[in-house]
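User: Could you take a close look at one part of this protein for me? I would like to see how a pair of packed helices is arranged and what lies around it.

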Amino acid sequence: MISSKQEYLDILRTCLKNHDRVEDILLEYEQHLTDLLNEVCDCPCMTEKEAMHVVIERLGTPAKMAALYEEELTVTPARTKWIFFFGNFFFFAAGIILTVFYHSLSSPTVKQLWFFLTSIPFFLIFLYLFYWLLLGYEVGKEFGLGGKKLLKRTFYIALAPNLFLMVMVVFRIIPASVFAPLLTGEFTVICIISTILLYPISILGFRYGTTKSI
């Protein structure tokens, strides 16, 4: 059982021996431990060992904290950007494939899936808006205020296929009837408005995420 702040920091140092920010992390945790010890030591008869037991229950063991920092190393801006790019591209490609199958196959399963999805257009819009809210939140949480440039880059790169398709439909290069009964005139307008709202929604998620960043 860890009986002192220094013992906690020594174990944490050993667990983080391969981390390039080990000294910064130790300084940060030394302050956390000092603050928590002052907070829990409300009884004069409590020993440091007893206080450390309470602190570890709140903060976590050195091994657990080190594991979180090791996990942090795997989250890079480039990785985050491409995860969300391919996530959005998956939705886009799945929709294209389903449309092609619907018009080229006579499969009852494909037709049922098509009519089911085209019967819940507003739920799909809500789900898609949530995806962009999640993008902003994750970037804000992982990279803090410094992640705003990453958010912009990821947003514009990921949205490019959607904008390309929207232009093709609006200028009738692709007939709207291809997406019938989903793509009525009113629904097209709603899609355009929703697309305009995607960036503000991402920023909203980003701002909330920054409040949760380490």
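Analyst: Happy to help; here is a walk through one helix pair, then the pocket and an aromatic pair.

Please keep in mind that this is a predicted model. Two packed helices are described by the distance between their axes and the angle between those axes. For helix α8 (residues 148-170) and helix α9 (residues 185-210), the axes come within 11 Å and cross at roughly 170°. Angles over 145 degrees count as roughly antiparallel, and α8 and α9 are therefore roughly antiparallel to each other. On the α8 side, the contact is made by Lys 148, Leu 151, Lys 152, Phe 155, Leu 159, Leu 163, Met 166 and Val 170. From α9 come Cys 191, Ile 192, Thr 195, Leu 198, Tyr 199, Ser 202, Ile 203 and Phe 206. By class, the residues of this contact are 12 nonpolar, 2 polar and 2 charged.

Both helices also take part in the largest pocket: α8 and α9, along with α5 (77-104), α6 (108-118) and α7 (121-143), each supply at least two residues of its lining. The largest share, 9 residues, comes from α5. This pocket holds about 1,100 Å³ of space and is lined by 35 residues, with Phe 91, Leu 124, Asn 162, Leu 165 and Leu 182 nearest its centre. The lining has 27 nonpolar and 8 polar residues, and no charged ones.

Finally, a look at the aromatic rings: the model has 19 aromatic pairs. One of them joins Tyr 128 and Tyr 131, which are stacked at 6.4 Å centre to centre with 5° between the planes. Tyr 128 and Tyr 131 are separated by about one helical turn, because they sit 3 residues apart in helix α7.

How values were computed: Residues numbered from 1 in each chain as written. Predicted model: local features only at pLDDT ≥ 70, side-chain atom pairs only at ≥ 80, totals over all residues. Heavy atoms only, no water. Axes fitted to C-alpha atoms, helices over the stretch in contact; angles between N-to-C directions. Helix = DSSP H or I, 4+ residues; strand = E, 2+ residues; numbered from the N terminus. Parallel < 35°, antiparallel > 145°, perpendicular 65-115°, else oblique. Contact = heavy atoms within 4.5 Å. Nonpolar A, V, L, I, M, F, W, Y, C, P; charged D, E, K, R; others polar. 1 Å grid on protein atoms, 1.4 Å probe; cavity = no way out; pocket = protein on both sides within 12 Å on 5 of 7 lines; lining within 4 Å. Points joined across faces, edges and corners; volume = space filled by probe spheres on them. Phe/Tyr/Trp six-rings, centres within 6.5 Å; stacked < 30°, edge-to-face > 60°.
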